[in-house]
Amino acid sequence: MVKPKTEEEIELLRENAIIVSKTLAEVGKRVAPGVTTNELCRVAETFIRDHGAIPSFLGFEGFPAAICASVNDVVVHGFPSDYVLKEGDIFSADIGTLYKGYNGDSAYTFPVGEVSPETQKLLDVTKASLYKGIEAAVAGNRTGDIGHAVQSYVESFGFSVVRELEGHGLGKEMHEAPGIPNYGRRGNGARLTEGMVICIEPMINLGGRGVYLARNGWAVHTADHKNSAHYELTVVVRKGKAEQLSTFDFIEKD
Ligand code: MG
Ligand code: MG
């Protein structure tokens, strides 16, 4: 049984979610051909610390950087590096904060300049699938309803769902129960109750769903080396309609 968050806890999670959302936007402003992912990581870390928060990924189970920086066929957990982004790449930033004892965690995949039509479609469909998942994150539903919503939408476009990784509850810990798979069957899985705070984060591949772990023990690559996209938001399960804590508005609206 997962304990719902109190409204006081939800406010602290909201503060984290806003810092993360704004950090993603700061990073997004600088995504362009010629920029290294190390530079983008520094932008994120500086912004997070300037807002009194800590980049929670740094040192988490030995992760060596402030953000996950996953380019093209890297699904998640890429290390920032001296790799220079080039026109047509996609760059996924996954960012976490620790602030006032609670966590923030959201992700966005940015196109670098102009990307191919099929890659743009992958980005659009992956992001839309996240909102489909959020629509299913209502009290009384189960985690399988979220997974089903994401999976059925994504697969209708011929894309595939990574199954080795999933969303999660969020609170004092970065990863709390329940797990939120991006595939599943309606009516299956843990029940969602009012006040649960969860991260929904579809990881969607242009080609097949197979992935492998890089030798560094972190970066997850697509087996066929086709592109993969990742979008993540934090929501509160409510009756009737989930409440979003993090948002892409800072990225997408001026
Ligand atoms: Mg994340
Ligand atoms: Mg997450």
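In this predicted model, the residues that hold the magnesium ion (ligand 2) follow the spacing D-x62-H-x32-E-x30-E along the sequence. Put names to those letters and the set reads Asp 105, His 168, Glu 201 and Glu 232. Asp 105 contributes an OD atom, His 168 its NE2, and the two glutamates, Glu 201 and Glu 232, an OE atom each. These protein donors lie 2.1 to 2.2 Å from the magnesium ion (ligand 2). Asp 105 and Glu 232 are a pair that links distant parts of the chain, 127 residues apart. Asp 105 belongs to strand β5 (residues 102–111), while Glu 232 sits in the loop between β13 (228–230) and β14 (233–236). Asp 105 and Glu 232 are both buried. Asp 105 also has a second job in the geometry of the site: it bridges the magnesium ion (ligand 2) and the magnesium ion (ligand 1). The two ions lie 3.1 Å apart.

Next comes the hairpin around residue 167. Strand β7 (residues 167–169) runs antiparallel to strand β8 (residues 176–180), and 2 bridges join them. The two strands, β7 and β8, form a hairpin with 6 residues between them. Across the pair, Gly 167 of the first strand stands opposite Ile 180 of β8. His 168, listed above as a donor to the magnesium ion (ligand 2), falls within the residue range of β7. The partner strand, β8, has a quirk of its own: Pro 178 lies in it, and the peptide bond leading from Ala 177 into Pro 178 is cis, with omega near 0°. For context, most peptide bonds are trans.

Backbone oddities turn up in loops as well. Lys 100, found in the loop between β4 (90–99) and β5, has a positive phi of about 55° although it is not a glycine. His 225 does something similar in the loop between β12 and β13, where its phi is near 60°, again a positive value in a residue other than glycine. In general, most residues other than glycine have a negative phi. As for solvent, His 225 is partly exposed, with a relative accessible area of 46%.

A further piece of β structure is an open sheet of 3 strands, in the order β3-β12-β11, with antiparallel pairing. Its edge strands are β3 (74–76) and β11 (211–213), each of which pairs on one side only. From one strand to the next, the twist averages 40°. Within this sheet, 2 bridges join β3 to strand β12 (residues 220–222), and Val 76 stands opposite Val 220 of β12.

On the helical side, helix α1 (residues 7–30) packs against helix α2 (residues 37–50) at an angle of about 145°, with the axes 9 Å apart. The crossing of α1 past α2 is right-handed. From α1, the contact draws on Ile 19, Lys 22, Thr 23, Glu 26, Val 27 and Arg 30; from α2, it draws on Leu 40, Val 43, Ala 44, Phe 47 and Ile 48. Val 43, found in α2, shows how this plays out for one residue: setting aside neighbours within four places in sequence, Val 43 is in contact with Glu 26, Val 27 and Arg 30. Val 43 and Ala 219, by comparison, are 176 residues apart in sequence and 21 Å apart in space, C-alpha to C-alpha.

Thr 37 is also placed in helix α2. Thr 37 has a relative accessibility of 2%, so it counts as buried. Leaving out residues up to four places away in sequence, Thr 37 touches Ala 69, Val 71, Phe 79, Pro 80, Ser 81, Tyr 83, Leu 85 and Phe 91.

Finally, the cysteines: the structure holds 0 disulfides. For Cys 68, the closest cysteine sulfur is that of Cys 41, and because the two sulfurs are 9.3 Å apart, they are too far for a bond. The cut-off for a disulfide is sulfur atoms within 2.5 Å. Cys 199 is in no disulfide either, as the nearest cysteine sulfur, that of Cys 68, is 13 Å away. Both residues are shielded by the burial criterion: Cys 68 counts as buried at 5% relative accessibility, and Cys 199 counts as buried at 0%.

Technical notes. Residues numbered from 1 in each chain as written. Chains lettered and ligands numbered in written order. Predicted model: local features only at pLDDT ≥ 70, side-chain atom pairs only at ≥ 80, totals over all residues. Heavy atoms only, no water. Pairing = 2+ DSSP bridges. Helix = DSSP H or I, 4+ residues; strand = E, 2+ residues; numbered from the N terminus. Donors = N, O, S within 2.8 Å, 3.2 Å for Na, K, Ca; no water. Buried < 20%, exposed > 50% of the residue type's maximum accessible area, 1.4 Å probe, protein only. Axes fitted to C-alpha atoms, helices over the stretch in contact; angles between N-to-C directions. Left-handed = near helix turned anticlockwise from the far one by under 90°. Contact = heavy atoms within 4.5 Å.
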